[in-house]
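Here is a friendly walk through one chain, from its overall layout down to single residues. Keep the 3D view open as you read.

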Amino acid sequence: MISSEWHSLLTEFCSAWRDHDPARLEALWDTDYPNLVYIAEERRDPIIGWEAIRAYYRETLDLMSWMKVKIKPIQLSTVGEVSWLIGKGSWAGQNRTRSHVSGGYSRVCFLARRKNSDLRLIQYVEAPLNARYVRPLRLGKTRSEESVFPDESRS
């Protein structure tokens with residue numbers, strides 16, 4: 001069971017991607033924190049700093065006609081004002097420049113700190129599964145385990 005704060009943050013993260021709403025994604029971040037980092041699986045380099053993260057959301061949503069993101073929490077912990085959550089992630093979307101839908105599976109790590117009474121992101125990392133090293137039966141099982149967070153019926 002995860003805390004109501006993480007439940008709210010993950011629900012908003014997934015919903016904002018689905019609703020194509022960069023302002024809602026941006027609102028999840030602690031923009032006062034000086035060392036924000038977003039590591040997207042499709043980018044060669046980390047996205048560092050608030051302006052770069054903001055630009056990433058806007059560029060990605062401009063490029064995609066639709067996106068669906070799912071997160072299933074695995075583990076979380078809190079130390080002082082900082083909290084982290086590891087989860088199974090999946091995404092699918094339609095790139096405006098391609099005729100096919102693309103998607104993927106990954107492990108994700110959110111790092112957040114308390115700001116006022118809410119958790120706000122200070123780091124996000126995507127670690128995609130490498131099919132070369134994942135046995136085909138296990139990869140199929142992983143795909144079937146993925147579920148939208150927190151309520152599959154909302155997708």
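## Layout of the chain

From start to end of the sequence, the elements come in the pattern α-α-β-β-α-β-β-β-β-α. That makes four helices and six strands, where helices (H or I, at least four residues) and strands (E, at least two) are DSSP runs, numbered from the N terminus. Residue numbers start from 1 along each chain as its sequence is written. Please bear in mind that this is a predicted model, in which local features need pLDDT of at least 70, side-chain atom pairs count only at pLDDT 80 or more, and totals for chains, interfaces and linings use all residues; side-chain values use heavy atoms, with hydrogens and water left out.

Of the 155 residues, 39% are buried, a word used here for under 20% relative accessible area, with exposed meaning over 50% and partly exposed in between (1.4 Å probe, protein chains only). The chain exposes about 8,700 Å², and carbon and sulfur atoms supply 51% of that area; accessible areas come from the Shrake-Rupley method with a 1.4 Å probe, and for residues only the protein chains shown count as cover. Among contacts (heavy atoms within 4.5 Å) with a separation of 6 or more, 57% are between residues 24 or more positions apart.

## The sheet

How are the strands ordered in the sheet? The six strands form an open sheet in the order S2-S1-S6-S5-S4-S3, with mixed pairing. Strand S2 (47-48) and strand S3 (64-79) are at the edges with a single partner strand each, so one side of each has no neighbour in the sheet. Two strands count as paired if DSSP finds at least two bridges between them. Strands of a sheet pair through backbone hydrogen bonds, in either a parallel or an antiparallel sense.

Four of the pairings are set out here, each with one residue pair from a separate look at the bridges.

| Strands | Sense and bridges | Residue pair |
|---|---|---|
| S1 and S2 | antiparallel, two bridges | Val-37 and Ile-48 |
| S1 and S6 | parallel, three bridges | Ile-39 and Val-125 |
| S4 and S5 | antiparallel, 13 bridges | Ile-86 and Cys-109 |
| S5 and S6 | antiparallel, ten bridges | Ala-112 and Leu-121 |

A hairpin of five residues joins S4 to S5. S5 and S6 also form a hairpin, with two residues between them, and Asn-116 in that turn has a positive phi of about 60°.

## Helices on the sheet

Helix H1 (residues 4-18) lies across S1, S3, strand S4 (82-95), strand S5 (101-115) and strand S6 (118-128), and runs at about 165° to S3. Helix H3 (residues 50-63) also packs on the sheet, where it touches S1, S2, S3 and S4, and its direction makes about 140° with that of S3. For these angles, axes are lines fitted to C-alpha atoms, for helices over the stretch in contact, and the values run from 0 to 180 degrees between N-to-C directions.

## The largest pocket

The largest pocket holds about 450 Å³ of space. Of its 25 lining residues, Glu-42, Tyr-56, Thr-60, Met-67 and Trp-91 are the closest to its centre. H1, H3, S3, S4, S5 and S6 each supply at least two residues of the lining, and S3 gives the most, with five.

On a 1 Å grid over the protein atoms alone, a pocket is an open set of points where a 1.4 Å probe fits, with protein on both sides within 12 Å along at least five of seven lines, and lining residues have an atom within 4 Å of a point. Grid points are joined across faces, edges and corners, and a volume is the space filled by probe spheres set on the points.

## Two buried residues

Is Asp-30 buried or exposed? Asp-30, in the loop between helix H2 (22-26) and S1, is buried, with a relative accessible area of 1%. Leaving out residues up to four places away in sequence, Asp-30 touches Leu-36, Arg-113, Lys-115, Arg-120, Leu-121 and Ile-122. Two of these contacts, Arg-113 and Arg-120, stand opposite each other, with Arg-120 in S6.

Gly-93 belongs to strand S4 and is buried, with a relative accessible area of 0%. Beyond four places in sequence, Gly-93 is in contact with Met-64, Trp-66, Met-67, Val-101 and Ser-102. Gly-93 and Met-67 are 26 residues apart in sequence, yet their C-alpha atoms are 4.2 Å apart in space.
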